[in-house]
Amino acid sequence: MSMIQTLNAYPALLVGIVFVFGLLLGSFFNVVIYRLPLMLHLEWWQSARDFCEEAWGKVPAPLDQPPESLPAPPFNLAKPNSRCPHCGHAIQWYENIPIASWLWLRGKCRACRVPISARYPLIELATGLLSAFVAWKMGFGWPLAFALILTWSLICLTMIDFDYKLLPDQITLPLLWLGLLINVQGMFVPLDEAVIGAAAGYLSLWSIYWLFKLATGKEGMGYGDFKLLGALGAWMGWKVLVVIILLSSLVGSIIGVSMILILGRDKQIPIAFGPYLAIAGWIAFFWGEALMGMLFRF
Ligand SMILES: [Zn+2]
């Protein structure tokens, strides 16, 4: 039996392999979630510096060095190697095995014993479990590969937006183009629905943003949100956009209200919309049609 036949014949094997792969990737996503926003901040500092140099021929003193909150370059996804943020202890490969290392180290740095956030193993576990679910739901084939890419992108976007209120173009835009490309052959929806979905996703939030801004002078959301909804429209077509918007508002108000009630979070602090769009988009990808049916029965 070839490998493909084996994976087709034993779904449990496929789910298991994808689960382990998801755990490993989750470990990499921890790096992406932590570093990509800082890389962007460094880039913006550099642009501000270059602009001053060009406009006035000199760089004002505070712009001369990157802010202390940012790491010193070179800083990217590969460099420097992972270190304990507290003591600088270089993390060895056996301290970096998804979930297992964190449990073995009892959630503390091996050198300085300062606690390591449980967020890291939780993101690894969540990536593993969600990936396994996608494999179980879709079975072996190209749609599975692309559904995994969508899932992984949404995990990174959710966490980065949650931390920094930022949906990096580096993830949203390739996701949008990829969604259009895979639907050229109608993998998930016919191409016309995908194209209209991408445009309608972007333009609907864009219009709301400008109406809101002209009416109140405030910014209710960011351009990243438009790009993300455009990307979701490209993957799933325009029909599910209504479901995504309603669902994200629902998820958003439930989580927002519980954060204010349970955690005592200040009502004035804005909450990023991206995580709700991403979560609603992922749910709509698998259950969009069922939800749409329920919606129309109302
Ligand atoms: Zn340490």
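This section describes the fold, the core, one helix, the zinc site and two single residues of a predicted model.

The protein contains 11 helices and 0 strands. From the N terminus on, the order of elements is therefore written with one symbol throughout, α-α-α-α-α-α-α-α-α-α-α. The C-alpha trace spans about 60 × 55 × 45 Å along its principal axes. The chain has 298 residues, and 39% of them count as buried. Contacts between residues at least 6 apart in sequence were also examined; 68% of these join residues at least 24 apart. The exposed surface of the protein is about 17,100 Å². Carbon and sulfur atoms supply 68% of that area.

The largest nonpolar core holds 60 residues. Leu154, Leu228, Trp235, Met236 and Ile244 have the most contacts inside this core. At least two core residues come from each of α2 (11-56), α5 (119-138), α6 (142-164), α7 (169-182), α8, α9, α10 and α11. Helix α6 gives the largest share, 12 residues. In soluble globular proteins, nonpolar side chains tend to be buried together.

Helix α10 covers residues 241-262, 22 residues in total. From first C-alpha to last, α10 reaches 31 Å. The expected value at 1.5 Å a residue is 32 Å, and the span of α10 is close to it. The buried residues of α10 are Leu241, Val243, Ile244, Leu247, Ser248, Val251, Gly252, Gly256 and Met259. Their packing partners are α8 (191-216), α9 (223-236) and α11 (274-297). Ile244 thus appears twice, as a buried residue of α10 and among the residues with the most contacts inside the largest nonpolar core. After α10 comes Gly264, which has a positive phi near 65°.

The zinc ion has four cysteine donors, each through SG: Cys84, Cys87, Cys109 and Cys112. These donors lie 2.3 to 2.4 Å from the zinc ion. Along the chain they follow the spacing C-x2-C-x21-C-x2-C. Angles among the 4 donor atoms run from 105 to 117°. The site counts as tetrahedral because all angles for four donors must lie between 85 and 135 degrees, and those at the zinc ion do. The ideal angle for four tetrahedral donors is 109.5 degrees. Two of the donors fall into separate accessibility classes. Cys109 has a relative accessible area of 5%, so this residue is buried. Cys112 has a relative accessible area of 24% and is therefore partly exposed. The cut-off that separates these classes is 20%.

Thr127 and Asn76 were examined individually. Thr127 lies in helix α5. Its relative accessibility is 0%, so Thr127 counts as buried. Leaving out residues up to four places away in sequence, Thr127 touches Gly22, Gly26, Phe29, Trp152 and Ile155.

Asn76 sits in the loop between α3 (61-64) and α4 (100-104). Asn76 counts as partly exposed because its relative accessibility is 29%. Beyond residues up to four places away in sequence, Asn76 touches Arg35 and Met39. Asn76 and Val15 are 61 residues apart along the chain, and their C-alpha atoms are separated by 32 Å.

Methods
Residues numbered from 1 in each chain as written. Predicted model: local features only at pLDDT ≥ 70, side-chain atom pairs only at ≥ 80, totals over all residues. Heavy atoms only, no water. Donors = N, O, S within 2.8 Å, 3.2 Å for Na, K, Ca; no water. Tetrahedral: all angles 85-135°; square planar, octahedral: opposite > 155°, others 65-115°. Buried < 20%, exposed > 50% of the residue type's maximum accessible area, 1.4 Å probe, protein only. Helix = DSSP H or I, 4+ residues; strand = E, 2+ residues; numbered from the N terminus. Expected span 1.5 Å × (residues − 1). Contact = heavy atoms within 4.5 Å. Areas by Shrake-Rupley, 256 points an atom, 1.4 Å probe, with all protein chains shown as cover. Core = buried A, V, L, I, M, F, W, Y, C linked by side-chain atoms within 4.5 Å.
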